[in-house]
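Trainee: Please pick one pocket of this model and give me a close look at it, then follow the thread into what else you would inspect. I work with grids and cut-offs all day, so please spell those out.

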Amino acid sequence: MIKDILQALSIVAIPLIIAAFVAYAARKKVPVYESFVAGAKGGFEVAVKIIPYLVAMLVAIGIFRASGAMEILVKLLSPIANLIGMPPQVVPMALLRPLTGSGSLGLMADIMKKYGPDSFIGILVSTMYGSSETTFYVLAVYFGSVNIYRTRHAVAAGLIADAVGMLGALMICRILFG
Amino acid sequence: MLNYVWIGLVLIGVLAAASTDIYDASTNRYKNGEPFELQYDSTGVGTGTISYSREYYDKFYGVQIDYPDTISYRAALAGNSINISTDEESPEIWKTVAKTDDNSKQITAKVLSRQGSEMTILLPTTSLVKTKAVLDAVISYSELAVKISLGLIGVMAFWLGIMKLAEDSGMIKIIARILKPVMVRVFPDIPPDHPAIGAMIMNMAANMLGLNNAATPLGLKAMEHLESLNPHKGTATNAMITFLAINTAGLTLIPATAIAIRAALGSKDPTIILMTSFFGAGLATIAGIAAAKILQRLKIYRIKDQPDDSTPESGGSN
């Protein structure tokens, strides 16, 4: 029930927002068309601005993934994962999630294919996927759009959020699905 | 810190690739130069199937694979070379051999001898596997970055247009006013009626509803407003970092992608993760905000008085 409402909401949200904004602007006597075009002009510029930042970030992540360093890292981290009760099969997910969206999506599908979507590992891995965002992509794009390269504690804060998200996913799945 | 992460990813990647390749070469993991024996059964002119037993493969490569007893593939003979079509399900080493050979699923091997259906072949020399993969990654990921960026232009323009409308009409201020009590606490540095607040709320709302297409443009609009309040160009402000920490936690009411994949894989209850991932991402959001607030007080993360500039060459190691 709640699920259906939420899904319906996500579909009607955009048309409703658009209609509301346009109607309100028209009532306030804003030259709607002119104003929209003036804003939309920035689209190209922003997209081009983020290219160098995104190239830098994705290439570094690409090198890291292609090199097989991930497998080595997973082996090194398995004992720690064992200690906190994280199944070894989902350790790559915890590592990959902040780095790449498409990569972790593929990994989630692979793991669920292997162990079944309704197994404990299947539920855990999809919860982990849903408990976080692709931190490095967000950092590159958002900071890139305003030319910020001294990011201070942004990486640390983002990674702490990721780690807590992964541990939270593990905890809730352990409690609910054993 | 992004500097160090970047250096780390690149150097660890290259070193891992090089050491894996050196190790593989020293142990001759791909058995370069050693003849491989298999069965060739002709099914037509120049076409047929090859097959070998799992035992032979295991012994040849010194591995243990989880496979049916007999492994077979379609093959085509041409002169004294043979084209073997492998697939996604092929054993690891053969998949790697095929990929490194000519970046396809075909292995082109040399036929050394053929007597009846008994055939001996020489597989292509396979070396520098990881180094080649790294090289491919550099090119393909650079292209991907441009593709993603340019792919944003359309939706970006659309949402920036809508946002401009909302700003000109005063709608954004109204939205900002509703959530003022919360936003003032999370973003104390931003004046409560600044358009940045409205844009950030719009971005978070889009994220909550799972509208990824809208969330990024709205978030970038918010960044633009936040940047207008930034006295140190090129350096992130506290508000920006808090905002990004919230974004990287990815709190959403409907984790649509994960649910779709679960459904596609035949889950009996694909939406079972609604609650669990809301819990996980909720904790992540709280932790992200708390971490941003605590870390911004640390000495190493304080903004140093650097001349206003926006050229990366001038340094700054944070």
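Mentor: What follows starts at one pocket and moves on to residues, cores and domains. This is a predicted model, in which local features need pLDDT of at least 70 and side-chain atom pairs count only at pLDDT 80 or more, whereas totals for chains, interfaces and linings use all residues. Residues are numbered from 1 along each chain as its sequence is written, chains are lettered from A and ligands numbered from 1 in the order written, and side-chain values use heavy atoms, without hydrogens or water.

Let's take the second largest pocket, which holds about 970 Å³ of space. Its lining has 40 residues, and those closest to the centre are Gly101(A), Glu133(A), Thr134(A), Tyr137(A) and Asn212(B). Here is the rule for your grid: on a 1 Å grid over the protein atoms alone, a pocket is an open set of points with protein on both sides within 12 Å along at least five of seven lines, a cavity is a set where a 1.4 Å probe fits but cannot get out, and lining residues have an atom within 4 Å of a point. Points are joined across faces, edges and corners, and the volume is the space filled by probe spheres set on them.

Both chains contribute to this pocket: helix H4 (51-66), helix H7 (101-115), helix H8 (120-130) and helix H9 (135-145) of chain A, and helix H4 (129-151), helix H9 (212-228) and helix H11 (256-264) of chain B, each give two or more residues to the lining. H9(B) has the largest share, five residues. (Helices are DSSP runs of H or I of at least four residues and strands are E runs of at least two, numbered from the N terminus.) By type, the lining has 20 nonpolar, 17 polar and three charged residues; Ala, Val, Leu, Ile, Met, Phe, Trp, Tyr, Cys and Pro count as nonpolar, Asp, Glu, Lys and Arg as charged, and the others, Gly among them, as polar.

Two of those central residues lead us to Arg97(A). Leaving out residues up to four places away in sequence, Arg97(A) touches Glu133(A) and Thr134(A), along with Ser104(A), Met128(A), Tyr129(A), Ser132(A) and Met166(A), where contact means heavy atoms within 4.5 Å. Arg97(A) sits in the loop between helix H6 (91-96) and H7 of chain A. It counts as buried because its relative accessible area is 3%; the cut-offs are under 20% for buried, over 50% for exposed and partly exposed in between, with a 1.4 Å probe and protein chains only.

Further along chain A, Asn147(A) lies in the loop between H9 and helix H10 (154-177). It has a positive phi, near 55 degrees, in a residue other than glycine, and is partly exposed at 30%.

Now for the packing. In the largest nonpolar core, of 115 residues, Phe136(A), Phe143(A), Phe187(B), Met223(B), Leu226(B) and Phe243(B) touch the most other members. A second, separate core of 26 residues includes Phe60(B), Ala75(B), Trp94(B) and Val129(B). Such a core is a set of buried Ala, Val, Leu, Ile, Met, Phe, Trp, Tyr and Cys residues joined through side-chain atoms within 4.5 Å. Beyond its neighbours within four places, Met223(B) contacts residues of both chains, including Tyr142(A), Phe143(A), Val146(A), Met240(B) and Phe243(B).

Gly288(B), in helix H12 (273-295) of chain B, is worth a click too. Its relative accessible area is 0%, so it is buried, and beyond four places in sequence it touches Ala157(A), Ala161(A) and Ala245(B).

For contrast with the open pocket, the search finds three cavities of 30 Å³ or more. The second largest of them has about 40 Å³, and its lining includes Lys31(B), Val97(B) and Leu122(B). Lys31(B), in the loop between helix H1 (2-26) and strand S1 (36-44) of chain B, has a positive phi near 50 degrees and is buried at 19%.

Finally, zoom out. Chain B divides into domain 1 (31-126) and domain 2 (153-314), bounds that come from an automatic or database assignment, and their C-alpha centres lie 53 Å apart. In chain A, the domains are 1-40 and 47-177, with 33 Å between their C-alpha centres.
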